[in-house]
Amino acid sequence: MREVAIIGVGETKFGELWERSFRDLGIEAGFKAMEDAGIAGDDIDAMFVGNMSADRLIDQEHIAPLIADYSGFGERNLPSVRVEAANASGGIALSQAYMSVASSVHDIVVVGGAEKMMDVGEESAAEILASTADQEWEAVFGATLGSLYAMMARRHMNDFGTTKEQLASVAVKNHLNGSMNPDAQFQRAIKLEMALNAPMVADPLGVFDCAPLSDGAAAVILCPWEDAKKYTDSPVKILSCGQAGDYMALHDRPSLTRMDATIEASKKAYKYAGIGPNDIQLAEVHDAFSISEIMAIEDLGFFEKGKGGKATEDGETALNSKISVNTSGGLKAKGNPMGATGVGQAVEMTLQLRGEAGDRQVKDAEKGLIHNIGGTGSTCIVHILGRGN
Amino acid sequence: MEVARFWRENQSRYNMQGKKCGACGIVYFPPRDLCPKCRRESIGKMEKLKLSGKGKIISYTVVHDGLPAFSMQVPYTMAIIELEEGPKITGQIVDVKPDEVKIGTEVEAVFRKLGQEGECGVIHYGYKFVPKE
Ligand SMILES: [Zn+2]
């Protein structure tokens, strides 16, 4: 296995981008990443594109060659692959691309992620999101994706004394971080009362406990570590990746208060990187819902089970604290364009490890973890990235 | 969801028909043809079993932003219920005030209309849960 570097990153702004089409977004992110890597199109061997539901969201199947074509690769007959794993599509696209470079099948690969969600109404979007859980045994009875996470939250509150204030403190922290990210959908800090008094979505989760619907795209360029210095003075190394799965339906899993896919995926990632949770200074975790950030920081080993809410409330996950979590603003404030989300996490982590994250820069960032979930936790992908030297 | 896809599962949705693994005795609902614990050992040994529909709530939520097919019902209560026979399932809790639903509340299944495809569309039926008498 070869070591693999990230040599270029780019992303669009995330948000309600009414004037931009799916292909505009994909192309913008790809161009920015190639520009950042200082690389010509002729050097690219393959493209992997994370995308959850272009077929239902924009009525277009077969989006990988579409993006490749409009990125200028039609003439070159570039191979391209769409990767679908619900909200983890981007993270899995990254892992597939990583493995293709590590195994020497490809040398230079573009990993893209793109989703255009705002062209359908909120009701259709809710149906599509619910179908990332089990359509026939959860959604058909009225379960939305948010309602399933709400049942995790209720049980976490019951078993560990987690409070609504602790859930809300996730949103407060992530909005503060988002206020320092020019690509974020929401760039305004909020107060705890605002989150607590927001309308309910699925009790105990309110509007501020849920990430928004977003349009957006992100891209990173990978190459063998040994070649990275040819393209950049500040390559970032992919130290490891670990993926795990679980029962499709939440009700079939042994516990509602932990995600075994996160636990197993991170165990693999730590093992392959030869490090543990205490060696990580910062993490982008999957906060599609406030409770999922609290469960993630427990399941990834940063805090004991049941202590994630208290740790967040006490500021232990704030910027430059014990561990800086979701410095980008996370899915909550940066935005959650499904297939782009996991690739966007890699963009943020690369900027942080290069020391290019501006006002939200984590001091002495050496190693960072990114964590991406599909559905209610039936897919989890974890990557650990390290500063090059 | 399309009519055919719904109709195929009606036996289980109407009668709470599950499967019991002949190798380890674990009961599954919805029915599975393979026991995830025993895998190969269970092939050909998964026996049909009708469930009692009785169980207790292990978590719940009151849904305010519902799916389009349920928009007439908001706010509605969803729960995960652990059935007496062991399996856990997701369903709606009805005929009860939301604040009377608790973790541990004992419930039983009833046969109800689940939802409708649009204004004059096909009506789907299946189980919901009510507090046990
Ligand atoms: Zn068995």
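**Notebook: a look through chains A and B**

I started with strand β1 of chain B, residues 17-21, and found five bridges joining it to β3(B), the two running antiparallel. One pair I could pick out is B:Lys20, whose bridge partner in β3(B) is B:Glu47. A reminder to myself before going further: this is a predicted model.

**The three-stranded sheet of chain B**

Next I asked which sheet these strands belong to, and I found an open sheet of three strands in chain B. Its order is β2-β1-β3, and the pairing is antiparallel. At the edges I noted β2 (27-28) and β3 (46-50) of chain B, each pairing on one side only. A general note for my margin: strands of a sheet pair through backbone hydrogen bonds, either parallel or antiparallel.

**Chain B as a whole**

Then I stepped back to see what chain B is built from. I counted two helices and eight strands. Reading along the sequence, I got the pattern α-α-β-β-β-β-β-β-β-β, with the helices ahead of the strands. Along its principal axes, the C-alpha trace of chain B spans about 45 × 35 × 25 Å. I also checked burial: of the 133 residues in chain B, 41% are buried. As for contacts in chain B with a separation of 6 or more, 49% of them come from residues 24 or more positions apart.

**Strand β5 of chain B and its neighbours**

How many of the eight residues of β5(B) are buried? I found seven in this strand, residues 76-83, so it is largely enclosed by the rest of the structure. I then looked at what β5(B) pairs with. Strand β4 of chain B (residues 54-63) is joined to β5(B) by eight bridges, and the two run antiparallel. Here I saw B:Ile57 standing opposite B:Ile81. Strand β6 of chain B (residues 88-93) is joined to β5(B) by six bridges, again antiparallel. In this pairing B:Ala79 stands opposite B:Gly91. I followed the chain from β5(B) to β6(B) and found a hairpin with four residues between the strands. In its turn, B:Gly86 has a positive phi of about 120 degrees.

**One residue up close: B:Val107**

I chose B:Val107, which lies in strand β7 of chain B, residues 106-116. Is B:Val107 buried or exposed? Its relative accessibility is 1%, and the cut-off for buried is under 20%, so B:Val107 counts as buried. I listed what B:Val107 touches, leaving out residues up to four places away in sequence. Among them are B:Gly53, B:Lys54, B:Ile57, B:Ile81, B:Ile93 and B:Phe129. I was pleased to meet B:Ile57 and B:Ile81 again, the pair that stands opposite across β4(B) and β5(B). B:Lys132 is also on the contact list of B:Val107. These two residues are 25 apart along the chain, yet their C-alpha atoms are separated by 4.6 Å.

**Over to chain A**

In chain A I found an open sheet of 10 strands with mixed pairing. I wrote down the order as β3-β2-β4-β7-β1-β8-β12-β11-β9-β10. The edge strands are β3 (80-83) and β10 (324-325), each of which pairs on one side only. I looked more carefully at β8(A), residues 236-245, and β12(A), residues 379-387, which pair in the antiparallel sense over nine bridges. In that pairing A:Ala244 has A:Cys380 as its bridge partner.

I also looked up helix α10 of chain A, residues 290-299. 10 of its 10 residues are buried, so α10(A) is largely enclosed by the rest of the structure. The buried residues include A:Glu293, A:Glu298 and A:Asp299, along with A:Ile291, A:Ile294 and A:Met295. Just after the helix, A:Gly301 takes a positive phi of about 90 degrees.

**Where the two chains meet**

Last, I turned to the interface. I found 31 residues of chain A in contact with 34 residues of chain B. The buried area between the chains is about 3000 Å², and carbon and sulfur atoms give 63% of it. On the chain A side, A:Trp137, A:Phe141 and A:His251 lose the most area to chain B, together 26% of what that side buries.

How many salt bridges cross this interface? I found one: the side chains of A:Asp252 and B:Arg32 meet at 3.1 Å, N to O. Polar contact links 12 residue pairs across the interface. I then checked which elements of chain A take part: α5 (122-130), α6 (145-160) and β5 (200-202) each supply at least two residues. Of the elements, α6(A) gives the most, with six residues. The chain A side divides into 16 nonpolar, six polar and nine charged residues.

Methods:
Residues numbered from 1 in each chain as written. Chains lettered and ligands numbered in written order. Predicted model: local features only at pLDDT ≥ 70, side-chain atom pairs only at ≥ 80, totals over all residues. Heavy atoms only, no water. Contact = heavy atoms within 4.5 Å. Buried area = accessible area lost by both parts, 1.4 Å probe. Salt bridge = Lys/Arg side-chain N within 4 Å of Asp/Glu carboxyl O. Polar contact = N/O pair within 3.5 Å; in protein donor to acceptor, adjacent residues only side chain to side chain. Nonpolar A, V, L, I, M, F, W, Y, C, P; charged D, E, K, R; others polar. Buried < 20%, exposed > 50% of the residue type's maximum accessible area, 1.4 Å probe, protein only. Pairing = 2+ DSSP bridges.
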